[in-house]
Amino acid sequence: MGVNRVKYKRLLESLTNSEAKQKGNFVATAELASRLLCEHLDIDRVTVLSWSKDQNIQFEVARFGQQQAVNRPQHLAEMSTYISELRTHLHIDAADAVVDHRFVELRDQYLLPNNIGSALDVAIRINGHIEGVLSLERIDVAMPWQDSDIHLASHVADQLALTLATNDAYQKDEMLSLFQSAIETSRQITLLVNLHQETIEYANAAHEQITGIARDKIEGRSLRELAFFKQHPQQANEVLAQLCRGEVARSIFPLSNHRGEQIWIKFFASQFMSTRGNHYALVSAEDYTDIKHSQQELEHLAWHCNLTGLHNRTYFKRHLDRMNDGAVVMFNLVGFKRYNDTYGHERGDELLVEIGRRLRHFTEAHFHSDCIAARVGSDEFALLLNNESVAELDANIKKLYQQLSHPVSFGRESVDVRPAIAIVDISSVASTVSPLTCADIALQNAKKKQGMPIQTFTSALFDAFKDDAELERDLNHAIRGRQFELYYQPLKDLQTQRYIGAEALIRWHHPKRGVLYPGSFIDIAEQKGLINTIGAWVLEAACKQLYLWQHHDINLSMHVNVSARQFFGGNLYEQVWDLLTRYPIKHRSLILEITETELMEDIRYATNLCQELADLGVGLAIDDFGTGYSSMRYLKQFPISKLKIDRSFISDLNSSHQSREIVSAIIAMAKALNISLTAEGVENVEQEVFLTQNFCHQAQGFLYSPALREADFSNFIEMAKAAAILH
């Protein structure tokens, strides 16, 4: 790589801590930056150029390295392609600048006369506006730019931008005037509190706009006249005590405004001392009502089935994982798939809603209040019970079966319901096998029973489950025997209608059972500690393939799923660093996927690791978004570049208004956070049309292609390119 992390850090520290940088001397800082880059990177010349305010003229500020025969063209209007590329991607990295179309306007006037081989131009931006360019050049050498070169140049450009911003700062009086004007016109509440006298000395106009209380009613009055102190006295006094101790206080709390409506306020307060030694507190607050309601709605959706209103599988499993005793009761509807196929998904949904209603009413009437009822699959429902005696449980399960078995009426039509029920004693299996796995085993056996299809999990059933041990042994042989292969499912850009990436999906060529999909062995790999070895193989194979594609000018991104064990295993960063060193792929073209539920397991560790991976140039995506739990606060905390909408929301887009609303909300949220969005499991044109019209960025699914072997995938991409050219 171009420069190691230690030298990288030292270079940036030298620039950041320089006297020129601190004083806002842009010319001196540019000269220092040019020299440092030439000394630390394998380049021949560095130039810093500044653009005029009208964006028409550029002029050279500093240069270090070999002399040049001619200078860059001054008139920016003559370089529209170059400027457009720079504004879109913020940098242009050309391995062979003379043939690169992005430098076409500079070819004859600048590149050829100066014998420039490769060039890297990075935009110097302030507030999203390009103010100049940092240019790195190699003479007579055409070679690719490493990710580390691009990262370092980008950081240096950022420092140049900060220096330029400092140099152009307003005068002190003008800044004060602007600050006062901004505070007064801000939509956020600003309060100035005298902590000695506990009085409010200033309130801006936003206070009245949000609370309905005029500023003359609180300015100069006791702090305890605030609605916060009147409605939440204990919390308010704790905040006041924090401020008096010099601590920062922040909170979100509900208030009743002057109209009696409940609003939510989010505030931040800190102490400061005036030049005369008086202690004040600056309080900033905003109306958090809409965000709070949206967050509550999203959190409700994250934990509940949007069709039945019961808890979802994620919520159920989180609580199940904390229990060492009690019972799991699971049931599904025999023949539901056939019913769904015969009468349609809408009628099937109506049946599920009615079953959910019956289950809710039954649990409220017959089980303890801590009973959890959930929809854990398509037609699978489950109860998590505690403090139930064996006799009570058996009697209630029979009553539940009878309640569920009553025919369901749809107008004049009546449908017979045939539930199958499984019962698992958690204490007898929790230490060996997942209770849900045991419930699945018992449920399959219940469907085979004559008479009342109720089955309690037993050791006899467990013996059949031991077949998985054989699969585990085979899995160990598969790791050593190179029986794995990656298949690739294409990702389509819905706006350009081009294929822009692939998701790497593992397949196991089992010597006896044929091709096995991940669902048949990943859970066992997770349970037996083999997932890290498999995950490491997948990651390296995917990086190697991505490098080969890019080396042959097939510009795609590669999505790779990362399990929770692999993510939190402790060496993912080092593994990725090593792979990027051996396979120099393009910046952000490797995208690691992890589910939102797994991401929440350790917030602090996950945040740090995600940031480190992002600094390496790795994209990060939340997989199965919408099925787990991630609050807006945490979602903004991670450097996430993409969300992947879970296929469960896409599958019933055509039939479920709620799914359409949820998908629309997720798209709107992603747009607000400036995060890319991919829809999984797109299977028909109607789904694609809905997603395209609602400006979802990308999609994947059987509508386009299943996962393909590498050769078939490459042919697919080439055929898609050819078709695009013809159209």
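Let's start with strand E13 (residues 372-375), which is covered on both faces: Ile372 and Ala374 on one side, and Ala373 and Arg375 on the other, are all buried. Buried here means under 20% relative accessible area, exposed means over 50%, and partly exposed is in between (1.4 Å probe, protein chains only). Strands (E, at least two residues) and helices (H or I, at least four) are DSSP runs, numbered from the N terminus. In a regular strand the side chains alternate between the two faces of the sheet.

A quick word on where this comes from: the model is predicted, so local features need pLDDT of at least 70 and side-chain atom pairs count only at pLDDT 80 or more, while totals for chains, interfaces and linings use all residues. Residues are numbered from 1 along each chain as its sequence is written, and side-chain values use heavy atoms, with hydrogens and water left out.

## The sheet around E13

Who are the neighbours of E13? Strand E11 (residues 311-312) runs parallel to E13 and is joined to it by 2 bridges. Across that pairing, Asn312 stands opposite Arg375. Strand E14 (residues 380-385) runs antiparallel to E13, with 4 bridges between them, and a hairpin of 4 residues connects the two. Here Ala374 faces Ala382 of E14, and Ala373 stands opposite Leu383. (Two strands pair if DSSP finds at least two bridges between them.)

Now zoom out. The open sheet has 6 strands in the order E11-E13-E14-E12-E17-E18, and its pairing is mixed. E11 and strand E18 (454-456) stand at the edges with a single partner strand each, so one side of each has no neighbour in the sheet.

## Helix H13 and its two sides

Which residues of helix H13 (residues 336-343) are buried? They include Phe336, Tyr339 and Asn340. Looking down the axis of H13, the buried residues fall within an arc of 100 degrees, so they line one face of the helix. That arc is taken from the directions from the helix axis to the C-beta atoms. On the face turned away from the buried side you'll find the exposed residues Lys337, Arg338, Asp341 and Thr342.

What do the buried residues of H13 pack against? They pack against strand E12 (327-333), helix H14 (345-366), strand E15 (408-410) and strand E16 (413-415), where contact means heavy atoms within 4.5 Å. After H13 comes Gly344, with a positive phi near 100 degrees.

## Rings and charges

A search of the whole structure turns up 22 aromatic pairs. Rings of Phe, Tyr and Trp (its six-membered ring) pair if their centres lie within 6.5 Å; planes under 30 degrees apart count as stacked, over 60 as edge-to-face and the rest as tilted. Why is the pair of Tyr488 and Trp549 edge-to-face? The ring centres are 5.1 Å apart and the planes are at 65 degrees, so the pair gets that label. Tyr488 belongs to strand E19 (residues 484-493) and Trp549 to helix H21 (residues 531-551), so the pair ties together parts that are 61 residues apart in sequence. Tyr488 is buried, at 3% relative accessibility, and Trp549 is buried too, with a relative accessible area of 3%.

Elsewhere, Phe228, Phe229, Phe253 and Phe267 make up one aromatic cluster. There are also charges over rings: the charged end of Arg138 sits over the ring of Trp145, 3.8 Å from its centre, and Arg347 lies over the face of Phe410, at 4.8 Å from the ring centre. The test is that NZ of Lys or CZ of Arg is within 6 Å of the ring centre and within 35 degrees of the ring normal.

## Loop residues

Most residues other than glycine have a negative phi, and most peptide bonds are trans. Asn115, which is not a glycine, has a positive phi of about 55 degrees. Gln497, also a residue other than glycine, has a positive phi near 60 degrees. Here are some loop residues with their places and accessibility.

| Residue | Loop between | Relative accessibility |
|---|---|---|
| Asn115 | helix H5 (107-111) and strand E4 (116-126) | 43%, partly exposed |
| Gln497 | E19 and strand E20 (498-510) | 39%, partly exposed |
| Asn674 | helix H28 (657-672) and strand E26 (676-679) | 71%, exposed |

Asn674 also lies 8.3 Å from Ser641, C-alpha to C-alpha, although the two are 33 residues apart in sequence.
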